[in-house]
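Reader: I have a structure to read and would like to go through it by question and answer. Please keep the terms plain.

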Amino acid sequence: MMADGGTGGRAVGIAVMVFLSASLSVPLSAQDSTRIVEAQSILAPLVESYGVSGAEGPVREAVKRLLPTWAKSETDTAGNLWVRVGQGSPVVVVIAHLDEIGFRVSGIRDDGTLELETRGGFISSLFEAKPALVHTDQGDIAGVFLPRDSGFTGHTPPPLRVDVGAGSRAKAMTLGVSLGQTVTMPKQYVRLSGTRATGRSFDDRVGATAQLIALRRLDRAALKHQVIFIWSVREEIGLEGAAAAAAALGTTPRRVHAIDTFVSADSPIELPNFAVAPIGRGAVARALDNSSITPPAYVDSLVQVARARGVALQVGTTNGGNDGSEFTPYGVVDVPIGWPLRYSHSPAEVIDLKDVVSLADVIRAVAETW
Amino acid sequence: MIGRERDSTGPSFRMGKTASAFLLLLSAFPPVLLSAQDGVDRLALRFASMTAVTGLEQAMVDSLRALFPGSARDQAGNVTLTLGQGSPKRLFTCPLDEVGYVVGNILPDGFLLLRRVGGGGASRTASPLFDQQLEGHRVTVFGARGAVPGVVAVRSTHLTRGRGAPGAPDPVFTVDNAYVDVGASSAAEVQGLGIAMLAPVSLAKRPQLYGERLLAAPVAGRRAACAALATAVQAKPKVKGTVMVAFTVQSLYTRNPGLASVKALLGPFDEIKTAALPARYADTAVETVALADADRLVREIVQWMEGR
């Protein structure tokens, strides 16, 4: 989910990330249901794919590999991935985004360190003095986000740079670094207690996963109209992919369902004024955020759709923008559906896999019955 | 770099011209060099992936005992082994421990609170930004039933928007604000994971190699230095006299009681040295050592053990 008002070679053969703590990654818990197993089997590879806004290729390819065999996908000129199911009106759009927050190389200094510009909104201190990956067409180049010089004792560091161990601009370029490449931090999907998990870029790989599960389980014969599933690009830097999709569809759709994070205040360090949907209690009707307000009658309808299927659904309001809001200028009603997330846009986001299952079931119910 | 100790604050020791010349000679024999390099790289990565919170180094101590079957664990927790016999009787040490955390409280809703161990006493003061490295990152809690992954809570980016006044204070994150989330919903669930008060906690260790054999990890300097010492021992040097090797505990707490214990129990020694390596970005999660320096240290230690 876009943070409103945000700030924003040589491959791993020589620069190997050594996940010696990989044994901590709990593949499956003994008590996992088949639904949890299914959700994790799709989510984990998506989370461990990298796709900073504007460089979503690896994630898009991962989604394509995970589509049901019958699905025919197409990629538009913006980079969005489309799958159309069913025929007739009213057309309904379901859209989750592929991209994640990160950086782009904006300069290479004489000493070989890389200057960065942010892609999306996040707390920069969470990247300071941590491992880094520069993503190139030839593979990833490992490095480190530089710690600040001594003397700065505030929470926020000065603009971050990356050291790939080059020592000079020429050497950095020899390694394969060039301007415009994207930079992130290594990430790993890790199970926590019960059905919970942590990783980076659950926003919005959970949405992408839920759309895939819904498609796989969809009763296509039950569809009464066309449903277009879109995996969009460049959401974190201004809903750009969604804007292109909305322009292409114009006034054709009746509704759009943005499938994106419900940033939850379910944490002891958050204010409880709003956004309190707890994790593990199901998907969330994102009735009001910083980009759209869902007409109350549509929220009621969504609740009824979920209730008729016996699917858990919470209703709430949170911060951020959503892809569906780009469709509203064309008269399309935006009914965003989220899933509760702790610690959004951090390297340690936390979800409950039960909510992924709930979200997929809500999407399927919407497609088949609404 | 080897630190020579005449007393607890002895001057550091640097290689002389003779030693440097000998290193050049050594480098003329690639098979020997490659073998030692592979060994120190492998051990440095392995040690850098381990956690040994000062005073709670048991897991790493056990690993070292397994690495050196003839070694002993003294009553303070140090790992010691004896090479050679007779005089002189010398000691080579390497401190194992690191500044870290323990579980200080378990809340009814399943969150853990922490207490820092080390880095706050007379022996060593942690950077004001040391605790901030935890915020929003994965940690490992070492419970009675094994390692348990968790994360340290951070405010969601989206929920901070519009809530801070321009120019408001920007205080650093401290351990007092660290809520550890292991995915549990109750204290009973936490206990079911084997987590109790005083369980050690550290940042999840993910050593990273970059550039030309640069190793980045928390306490990479110490761990690569210990790897160099271990590699030197594995090289089976022809020791002059007796060399005691000690991987010591609690070097970062109060008055270095681990090393003091070795001296008291196994001394006196004619000479004491400590393994150390220069590091960039010290005391951060990406503290960086050049493994080429570790190669040199291995050769230097072997020479010293052999009395050359």
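Reader: Which strands of chain A does α7(A) lie across, and at about what angle does α7(A) run to β20(A)?

Author: This is a predicted model, where local features need pLDDT of at least 70, side-chain atom pairs count only at pLDDT 80 or more, and totals for chains, interfaces and linings use all residues. Residues are numbered from 1 along each chain as its sequence is written, while chains are lettered from A and ligands numbered from 1 in the order in which they are written. Helices (H or I, at least four residues) and strands (E, at least two) are DSSP runs, numbered from the N terminus. α7(A) lies across β11 and β20 of chain A, and its angle to β20(A) is about 65°.

Reader: Which strands stand at the edges of the open sheet β10-β11-β20 of chain A, and why is one side of each left without a neighbour?

Author: The sheet has 3 strands with antiparallel pairing; two strands pair if DSSP finds at least two bridges between them. Between β11 (residues 196-199) and β20(A) there are 4 bridges, and A:Arg196 is set opposite A:Asp352 in β20(A). Each edge strand has a single partner strand, so one side of each lacks a neighbour in the sheet; these strands are β10 (190-191) and β20 (349-352) of chain A.

Reader: How is α1(A) placed against α7(A): roughly parallel or roughly perpendicular?

Author: Axes are lines fitted to C-alpha atoms, for helices over the stretch in contact, and angles run from 0 to 180 degrees between N-to-C directions. Helix α1 (residues 34-47) and helix α7 (residues 353-369) of chain A pack at about 90°, their axes 9 Å apart. Angles under 35 degrees count as roughly parallel, over 145 as roughly antiparallel, 65 to 115 as roughly perpendicular and the rest as oblique. Therefore α1(A) is, relative to α7(A), roughly perpendicular.

Reader: Which residues of α7(A) make the contact with α1(A)?

Author: Two residues are in contact if their C-beta atoms, placed from the backbone, lie within 7 Å. By class, this contact has 6 nonpolar, 1 polar and 1 charged residues (Ala, Val, Leu, Ile, Met, Phe, Trp, Tyr, Cys and Pro count as nonpolar, Asp, Glu, Lys and Arg as charged, and the others, Gly among them, as polar). From α1(A) come A:Arg35, A:Ile36, A:Ala39, A:Gln40 and A:Leu43, and from α7(A) come A:Leu353, A:Val356 and A:Val357.

Reader: How many of the 7 residues of β4(A) are buried?

Author: A residue is buried if 20 or more other C-beta atoms lie within 10 Å of its own, exposed if 12 or fewer, and partly exposed in between, with C-beta atoms placed from the backbone. Strand β4 (residues 102-108) of chain A is mostly covered, and its buried residues number 5.

Reader: Which residues stand opposite A:Phe103 in β5(A) and in β9(A)?

Author: β4(A) runs antiparallel to β5 (residues 114-119) of chain A, joined by 6 bridges. β4(A) also pairs with β9 (residues 182-184) of chain A, again antiparallel, over 2 bridges. Opposite A:Phe103 are A:Thr118 in β5(A) and, in β9(A), A:Val183.

Reader: How many Å separate the centres of the two domains of chain A?

Author: Domain bounds come from an automatic or database domain assignment, and here domain 1 covers 21-100 + 188-369 and domain 2 covers 102-184. Taken over C-alpha atoms, their centres are separated by 30 Å.

Reader: Which element of chain B gives the most residues to the side that touches chain A?

Author: Between the chains, 51 residues of chain B are in contact with 55 residues of chain A. Elements of chain B that each supply at least two residues include β8 (138-143), β9 (146-152) and α4 (157-160). With 5 residues, the element that gives the most is β9(B).

Reader: Is B:Gly211 buried or exposed?

Author: B:Gly211 sits in the loop between β12 and β13 of chain B. Its contacts, leaving aside neighbours within four places in sequence, are A:Val164, A:Gly165 and A:Ala166. Because 24 other C-beta atoms lie within 10 Å, B:Gly211 is buried.

Reader: In the barrel of chain B, what is the bridge partner of B:Thr140 in β11(B)?

Author: The closed barrel has 6 strands in the order β6-β7-β10-β9-β8-β11, with antiparallel pairing. In chain B, β8(B) pairs with β11 (residues 200-203) over 3 bridges. The bridge partner of B:Thr140 is B:Ser202.
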